[in-house]
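Here's a quick tour to read with the model open beside you. Take it one topic at a time and find each residue as it comes up.

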Amino acid sequence: MADFVLRVGSRSAQGVRPNNEDRLVVDMDQRLFVVADGMGGQERGEIASGMAVDIIPRVVQDRLAHQENAERAVNEALREANDAIVDAGKNQPFGRRMGTTAVCALHQNGKVYIAGLGDSRAYLIRNNRVEQLTVDHSVAQALVLTGALTAEEAKNSPYQHVLHKFLGCTNLMDGAEVKPFIPEAGDRLLLASDGLTNHITEDDLQSGPQRFTDPQVWADYLVDTALGRGSRDNVTCIVVVFDAA
Ligand code: CA
């Protein structure tokens with residue numbers, strides 16, 4: 001099993017919003033990375049994303065310590081975070097729900113386990129190829145998958161930002177799908193909130209590894225580029241580079 005030295009860059013920018021509801025985790029001990037994008041207005045989005053980044057690493061650590069496999073550990077961590085956020089939302093005035101997206105990556109036993117709920121994304125950039133590893137849980141994307149909308153129509157759909165799966169969802173069904181991939185030397189993994197992905201193109205992602213060897217410099221560039229292109233949202237990303245050990 002190949003081992004890797006991980007280099008990581010990360011940045012979260014408030015942008016023009018009155019507060020930053022995005023949160024991120026870079027946990028080098030567990031090799032766990034999380035981006036969460038809170039929803040709910042006022043302080044509720046921040047509370048939800050704050051709970052996600054508090055609960056997920058704690059549950060993953062606990063489950064792995066009890067010899068649970070990585071896939072189940074991530075799934076359970078998301079489920080526990082979901083339940084806690086649903087509970088916290090019950091104390092909110094009627095109709096004022098709160099929730100958060102979460103996209104997680106855990107490097108464990110030669111694989112990287114990816115899971116996402118909501119529309120924060122994970123991308124793998126390998127040998128000039130860009131692959132989106134997560135599915136957006138937006139209503140618009142669900143309509144694309146059924147063939148009711150084209151990808152182009154979905155971009156302008158009023159349902160583009162309406163999520164049907166997220167943390168804080170009372171009916172999460174099977175929870176999050178956890179998908180593993182086997183990393184290769186030179187891989188770049190990007191986790192990002194929609195404030196970034198709405199303004200960054202596949203070309204930007206494809207050309208990044210040649211232009212930016214330092215993941216922090218690339219993370220800063222991606223955030224600054226999204227803001228420069230007019231993102232009015234919070235903008236957050238984590239870049240992980242897999243170097244041969
Ligand atoms: Ca956002």
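What follows is a short briefing on the metal site, two helices, the cysteines and some salt bridges.

Keep in mind that this is a predicted model, where local features need pLDDT of at least 70, side-chain atom pairs count only at pLDDT 80 or more, and totals for chains, interfaces and linings use all residues. Residues are numbered from 1 along each chain as its sequence is written, and side-chain values use heavy atoms, with hydrogens and water left out.

**The calcium site**

- Which residues hold the calcium ion? Asp37 (OD, listed twice), Asp194 (OD) and Asp233 (OD) coordinate the calcium ion, at 2.2 to 3.2 Å.
- A donor here is an N, O or S atom within 2.8 Å of the metal (3.2 Å for Na, K and Ca), and since water is not among the atoms, sites may look incomplete.
- Along the chain, the donors of the calcium ion are spaced as D-x156-D-x38-D.
- Asp37 sits in strand β3 (residues 32–39) and Asp233 in the loop between α7 (215–228) and β11 (235–244), so this pair ties together parts that are 196 residues apart in sequence.
- Helices (H or I, at least four residues) and strands (E, at least two) are DSSP runs, numbered from the N terminus.
- Are Asp37 and Asp233 buried or exposed? Asp37 counts as buried at 8% relative accessibility, and Asp233 counts as buried at 13%.
- The cut-offs are these: buried means under 20% relative accessible area, exposed means over 50%, and partly exposed is in between (1.4 Å probe, protein chains only).

**Helices α1 and α2**

- Helix α1 (residues 44–65) has 22 residues, which should span 32 Å at 1.5 Å a residue, and its end C-alpha atoms are indeed 32 Å apart.
- That expected span is 1.5 Å times one less than the number of residues in the helix.
- After α1 comes Gln67, with a positive phi near 65°.
- For the 21 residues of α2, the expected span is 30 Å, and the 31 Å between its end C-alpha atoms agrees.
- Asn69 caps the N-terminal end of α2, with a side-chain oxygen 3.1 Å from the backbone nitrogen of Glu71.
- That is a polar contact: a pair of N or O atoms within 3.5 Å, where within protein one must be able to donate a hydrogen and the other to accept it, and residues adjacent in sequence count only if both atoms are side-chain atoms.
- The buried residues of α2 include Ala73, Ala77, Ala81 and Ile85.
- An α-helix has 3.6 residues a turn, so residues three or four places apart point the same way.
- Among the elements covering the buried residues of α2 are α1, β5 (102–108) and β6 (111–117).

**A closer look at Asn82**

- Asn82 lies in helix α2 (residues 70–90) and is buried, with a relative accessible area of 4%.
- A polar atom of the Asn82 side chain lies 2.6 Å from the backbone nitrogen of Gly168.
- Leaving out residues up to four places away in sequence, Asn82 touches Phe166, Leu167, Gly168, Cys169 and Leu172.
- Contact here means heavy atoms within 4.5 Å.

**Cysteines**

- How many disulfides are there? The count is zero, with a disulfide being a pair of cysteine sulfur atoms within 2.5 Å.
- Cys104 is in no disulfide, and its nearest cysteine sulfur, that of Cys169, is 15 Å away.
- The sulfur of Cys237 is too far for a bond, because the closest cysteine sulfur, in Cys104, is 16 Å away.
- Both are buried: Cys104 at 1% relative accessibility and Cys237 at 0%.

**Salt bridges**

- The whole structure has 18 salt bridges, each being a side-chain nitrogen of Lys or Arg within 4 Å of a carboxyl oxygen of Asp or Glu.
- One of them joins Arg7 and Asp243 (2.5 Å, N to O).
- Arg7 is in strand β1 (residues 4–13) and Asp243 in strand β11, so the pair links parts that are 236 residues apart in sequence.
- Arg11 forms a salt bridge with Asp220, their closest N and O atoms being 3.3 Å apart.
- Arg11 lies in strand β1 and Asp220 in helix α7, so here the parts tied together are 209 residues apart in sequence.
- Arg11 also meets Asp224 in a salt bridge (3.0 Å, N to O).
- Salt bridges that share partners join Arg63, Glu68, Arg72, Glu76 and Glu80 into one network.
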